[in-house]
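Trainee: I have this model open on my screen and would love a close look at just one part of it. Could you pick a stretch and walk me through how its pieces fit together?

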Amino acid sequence: MLSRTADSLFWMSRYMERAENLARIIDAAHRLSALPASYGGTHNEWESALLAAGCADSFHRIYKDATEMTVRDFICFSEENQASIRKCIDIARMNARAVRTAITTEMWDAINGAWLDMKNYDAGRMDREELSRFLEWVKNVSLVVDGSAHRSMLRRDEFFFTRLGLYVERADNILRLLDVKYHVLLPATERVGGTLDYFQWSSLLRSVSALTAYHWVYRESVKPWLVADLLTLNREMPRSLYCCYENLVEFLDQLARQYGRIGPSQHMARSALARLENTNIETIFQNGLHEFISQFIIDNNKLASAIQEQYLV
Amino acid sequence: MTVAFDEMGDAQGAVREPYARLSQWLNQASPELLNTRRSQAEYFFRRIGITFAVYGDADSTERLIPFDIIPRILSAAEWRTLERGLIQRVNALNAFLRDVYGKKECLRAGVVPTDLVYRNPYFRPEMDRFEVPHGVYCHIAGIDIVRVDPHNFYVLEDNARTPSGVSYMLENREVMMRLFPELFVDNRVAPVENYADNLLASLRSVAPSRSAADPTVVLLTPGQYNSAFYEHSFLADKLGVELVEGTDLFVRDEVVYMRTTEGPQRVDVIYRRVDDEFLDPLVFRPDSVLGVPGLMGAYHAGNVTLANAVGTGVADDKAVYSYMPEIVKFYTGEEPILKNVPTWRCRDKDDFAYVLDHLPELVVKEVNGSGGYGMLVGPHATKDQIETFRRRLKHEPDNYIAQPTLALSTCPTFTKSGVAPRHVDLRPFVLSGADKVRIVPGGLTRVAMKEGSLVVNSSQGGGTKDTWVLDA
């Protein structure tokens with residue numbers, strides 16, 4: 001396969017996954033900001049949504065205050081924001097179009113259809129209800145794109161590269177979300193019976209669609225260390241860091257098998273997975289959750305570069 | 001102006017045989033049904049992403065070419081004549097190119113004026129005395145055909161560089177079969193879907209003789225911002241070959257490779273949809289980022305085949321066009337089966353005087369123009385436009401030819417005001433391989449959607465139709 005084709009498949013999936021994550025971030029911020037102040041509702045929610053979306057700097061170049069309207073416009077629809085949902089769908093579709101021959105009709109339909117439908121969403125006149133329908137739509141698009149890849153693509157390099165893009169991006173998003181919110185997970189912030197933090201934690205879970213999963217896995221009230229455990233080390237939770245890396249290892253191995261050659265990215269992914277396997281949440285907290293997250297963000301970027309080097313140029 | 005020949009039949013209701021069944025069907029079909037089918041067709045085209053970009057149209061970077069749901073029909077006998085004529089014409093084109101870049105007998109014999117070749121901007125001195133693999137230059141030709149009466153087909157243009165539109169020929173048929181399955185039961189329509197197989201066979205047949213038994217073919221595109229990108233990706237998909245951009249290829253030791261996820265892979269045949277001057281920055285435009293440095297070196301070393309060959313533009317120049325009847329006779333020894341439209345060359349004094357005197361009734365075209373840009377359609381132009389054009393013409397007469405305004409045939413077309421006749425042309429695609437010439441029955445019918453308009457180019461608002469050749 002052409003390296004450029006692999007590159008486009010990789011980024012197509014990354015941007016589609018990013019669009020979905022942005023929708024979740026806005027969704028969670030909405031819920032939190034809708035709470036009365038006594039339950040932890042604050043204006044800062046929009047600021048931390050920007051941080052989680054990784055676009056606080058570019059936002060403040062244009063706007064002064066992070067309010068509901070400015071932030072949701074910027075993250076969902078802005079043309080100036082290179083990583084708005086609109087732009088993500090644009091870029092995903094641009095990449096898909098460049099490799100039209102490497103994806104199936106079903107996938108193209110899903111991505112091109114989303115891009116066409118996106119034109120119908122007008123940021124200016126959207127009330128909350130319309131916005132939440134929009135966010136649902138974004139999540140649904142990602143679901144359909146992912147599903148059509150699963151159902152229609154041949155299990156060979158084309159498919160593997162879309163998976164790699166998706167899991168690298170998902171890992172990055174989980175990590176950045178944790179990076180922004182790690183302080184609410186620290187034991188020191190826990191106050192007995194405090195409703196404030198409860199909503200912070202549950203919104204964190206909600207932003208990765210894991211609130212229900214949490215209850216099924218731990219069968220107890222929301223505890224910060226368990227939240228951290230679910231998002232990083234849990235082996236059943238499909239959006240956890242562990243599952244992202246399990247998949248990265250799996251698909252890198254499949255690539256290596258198809259091409260008959262192992263390279264640096266296979267080694268890096270495996271050693272990262274081993275690190276997750278050989279630790280537990282207590283150890284992570286002892287050594288510093290923040291340090292753990294920061295280091296993993298760096299390593300995840302290194303893995304992305306290694307994949308780039310090895311296959312995409 | 002006289003009433004144009006309508007391919008379905010005259011106003012008195014006499015229907016020509018090929019259209020008999022379609023006409024019956026049209027009489028029964030309600031406007032609502034046609035309307036529904038039309039919007040279904042449009043939805044379908046948009047969904048699969050058949051769009052094209054119009055240069056200079058910042059507003060809508062992707063547009064649909066209007067598709068007309070009423071097919072254009074040719075009888076088996078009409079097609080047989082066309083087919084023979086096309087094969088003859090394309091064989092002559094290839095012989096002419098071989099000669100122009102080789103022995104130059106046609107110049108010595110005075111068939112074509114020497115300066116017309118040497119001063120032609122599409123003549124490539126880099127190709128002089130270089131024998132292309134298997135002697136084929138124009139692997140893919142799109143010959144534009146018009147008719148004015150039931151008996152005569154005229155060639156309007158020989159597109160010998162990188163003709164486009166074949167994806168519309170194929171997709172139009174797909175859409176028609178989906179929307180009107182009943183019509184395909186009543187009419188036995190010759191299939192066109194084997195075009196891609198023919199193209200691949202043609203391309204493989206011209207691989208350099210020293211390349212592997214299973215040559216690697218790629219399609220080189222300028223990239224997704226090119227107006228025909230959809231077609232490039234469509235064809236690559238149908239051919240099952242890689243769609244590459246310049247940066248995907250590199251040349252080492254006069255061999256072309258593509259960058260793949262498994263390392264460099266050798267390339268034998270490049271179906272290139274990039275113009276000559278962008279192919280290799282070391283030889284042509286140094287600012288080109290679309291090409292591959294060293295490609296011409298590999299080509300000259302005989303390690304790769306380019307389709308079409310470099311320099312074919314010298315044969316589709318509109319001034320050279322006017323010599324095609326002589327060219328056909330010179331190389332094939334036969335009378336041309338397809339006629340040329342009578343053409344005045346503004347480079348000839350007498351012709352030029354005639355053209356200046358008759359501007360309001362002529363079509364004047366730039367010798368190297370394409371896509372309907374830079375032309376004057378006398379009968380449809382205002383006085384001002386004619387005078388402006390006259391000044392340009394006097395400034396550079398060599399650059400223009402003129403032709404009578406042909407009453408192009410019309411076909412029934414579904415318009416806002418119901419089914420009405422609109423002018424059409426036809427672009428069949430002719431494939432020349434090392435072994436033989438291949439043509440699928442049909443081609444792309446372009447239709448001027450505006451009433452009375454003769455300009456069928458998609459860049460000027462023209463549409464397309466499915467083209468049926470009835471199987472006797």
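Mentor: Happy to! One term first: two strands are said to pair if DSSP finds at least two bridges between them. Please also keep in mind that this is a predicted model. With that settled, let's look at a hairpin in chain B: strand 18 and strand 19 of chain B form it, with four residues between them.

Strand 18 of chain B covers residues 429-432, and strand 19 of chain B covers residues 437-439. The two run antiparallel and are joined by three bridges. To find one contact on your screen, go to Leu431(B), whose bridge partner in strand 19 of chain B is Arg438(B).

Strand 18 of chain B also pairs with strand 2 of chain B, residues 140-147. Again there are three bridges, and again the strands run antiparallel. Here you can look for Val430(B), the bridge partner of Ala141(B).

Now check the two faces of strand 18 of chain B. Phe429(B) and Leu431(B) lie on one side, Val430(B) and Ser432(B) on the other, and all of them are buried. Both faces of the strand are therefore covered, given that buried means under 20% relative accessible area.

Further along the chain you come to strand 20 of chain B, residues 444-448. Five of its five residues are buried, so strand 20 of chain B is largely enclosed by the rest of the structure. Leu444(B), Arg446(B) and Ala448(B) point one way, while Thr445(B) and Val447(B) point the other way. Notice that Arg446(B) and Thr445(B) are among these buried residues.

Strand 20 of chain B has pairing partners too. Strand 17 of chain B, residues 418-427, pairs with strand 20 of chain B in the antiparallel sense over four bridges. In that pairing, Leu426(B) has Thr445(B) as its bridge partner. Strand 21 of chain B, residues 462-469, is joined to strand 20 of chain B by four bridges, and these two strands run antiparallel as well. There, Arg446(B) finds its bridge partner in Thr464(B).

While you are in strand 21 of chain B, stop at Gly463(B). Its relative accessibility is 1%, so Gly463(B) counts as buried. Try a distance as well: the C-alpha atoms of Gly463(B) and Val424(B) are separated by 9.3 Å, although the two residues are 39 apart along the chain.

Finally, zoom out to the whole chain. Chain B has 14 helices and 21 strands. Its radius of gyration is 22 Å, close to the 23 Å that the globule rule gives for 472 residues, so chain B is as compact as a globular protein of that length. The C-alpha trace of chain B spans about 70 × 55 × 45 Å along its principal axes. Of the 472 residues of chain B, 60% count as buried, and the residues of strand 20 of chain B that you have just looked at are buried too.

Terms used:
Residues numbered from 1 in each chain as written. Chains lettered and ligands numbered in written order. Predicted model: local features only at pLDDT ≥ 70, side-chain atom pairs only at ≥ 80, totals over all residues. Heavy atoms only, no water. Buried < 20%, exposed > 50% of the residue type's maximum accessible area, 1.4 Å probe, protein only. Rg over C-alpha atoms; globule rule 2.2 N^0.38 Å.
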